[in-house]
Amino acid sequence: MRRIERTNPLAVLATAAMGAAVGLVVQFALSSGGHAPLVPPPPLAASLVLVAAVLIVFGLRLRRQIRKQPGAIDPFQAVRLLVTARAAQLVGALFGGFAAGLLLSLSGRSIPAGGATWGPMVVVLVSAAVLLGCGALVEQWCRVPPGDGSDEAGGEGGEDPERGPADPVATRDR
């Protein structure tokens, strides 16, 4: 079985850069049209924090199960949580980059924006960073500790002869 690698930090950075570019383009398009700057709504930040909290709860449940009985966990549940944690990292990077792009466009204005404009952008940036961090933490928790039999055998003859073939052909009789 191939070893699953962690989320690539360059992918997270690239996603954040794309979000920042979109934020900059949106703000420049609004300002060139004479409109007020885009201010993210407060429920956006609350939603990001809520998703992070739910992810942490499910991550803690899985972590406790892995520490108690590593072989008794449902692999599908663990993979679903791992995929959700990875998606949370990308979503956190995207929204964080978007908020950073919004903030960056405001910093270059000749007339500074008020606190009512800056505040929600900073809150979204912080909540996106929280989601990204929670996603990385839960991804770390999804790792099974070494020595529980889930690692590949070191060489030839390292397989357990009583387990049967690792080929899915053995289960086709059903």
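Leaving out neighbours up to four places away in sequence, Q65 is in contact with P70, I73 and Q77, where contact means heavy atoms within 4.5 Å. This glutamine sits in helix α2, helices here being DSSP runs of H or I with at least four residues, strands being runs of E with at least two, and both being numbered from the N terminus. Q65 counts as partly exposed because its relative accessibility is 33%; buried means under 20% relative accessible area, exposed means over 50%, and partly exposed is what falls in between, with a 1.4 Å probe and protein chains only.

A quick word on the model itself. It is predicted, and local features need pLDDT of at least 70, side-chain atom pairs count only at pLDDT 80 or more, and totals for chains, interfaces and linings use all residues. Residues are numbered from 1 along each chain as its sequence is written, and side-chain values use heavy atoms, with hydrogens and water left out.

On the whole-protein level, the secondary structure amounts to four helices and zero strands, and from the N terminus on the order is simply α-α-α-α. The protein has 174 residues, of which 27% count as buried. If one takes the contacts between residues at least 6 apart in sequence, 82% of them join residues at least 24 apart.

Back to α2, the home of Q65. This helix covers residues 42–68, so to speak 27 residues in a row, and spans 40 Å from its first C-alpha to its last, close to the 39 Å expected at 1.5 Å a residue. The expected span is 1.5 Å times one less than the number of residues. Its buried residues are A45, L48, A52, L55, I56, G59, L62 and I66. An α-helix has 3.6 residues a turn, so residues three or four places apart point the same way. Among what covers the buried residues of α2 are α3 and α4.

How do α2 and α3 meet, then? Their axes come within 11 Å and cross at roughly 150°; axes are lines fitted to C-alpha atoms, for helices over the stretch in contact, and angles run from 0 to 180 degrees between N-to-C directions. The two helices are therefore roughly antiparallel, given that angles over 145 degrees count as roughly antiparallel, under 35 as roughly parallel, 65 to 115 as roughly perpendicular and the rest as oblique. On the α2 side, the contact is made by L44, L48, L55, F58, G59, R61, L62 and Q65, and on the α3 side by Q77, A78, L81, T84, A85, A88, V91 and F95. By type, these residues divide into eleven nonpolar, four polar and one charged. Here Ala, Val, Leu, Ile, Met, Phe, Trp, Tyr, Cys and Pro count as nonpolar, Asp, Glu, Lys and Arg as charged, and the others, Gly among them, as polar.With α4, α2 makes another pairing: the axes come within 9 Å and cross at roughly 15°. That makes α2 roughly parallel to α4. The crossing is left-handed, a label used if the near helix is turned anticlockwise from the far one by less than a right angle, with right-handed used if clockwise. The residues of this contact divide into 19 nonpolar, three polar and one charged.

Helix α3 (residues 75–107) and helix α4 (residues 115–141) pack at an angle of about 155°, with axes 7 Å apart. Roughly antiparallel is therefore the label for α3 and α4. Their contact holds 22 nonpolar, six polar and two charged residues.

As for α4 itself, its 27 residues reach 38 Å from first C-alpha to last, close to the 39 Å expected at 1.5 Å a residue. Its buried residues include M121, V124, L131 and W141, and the cover over the buried residues of α4 includes α1, α2 and α3. T117 lies in α4 too and is buried, with a relative accessible area of 15%. Setting aside residues up to four places away in sequence, T117 touches P37, V39 and L106.

One more threonine, T7, is found in the segment before α1 (9–32). T7 is buried, at 18% relative accessible area, and touches V12, R86, Q89 and E139, again not counting residues up to four places away in sequence.
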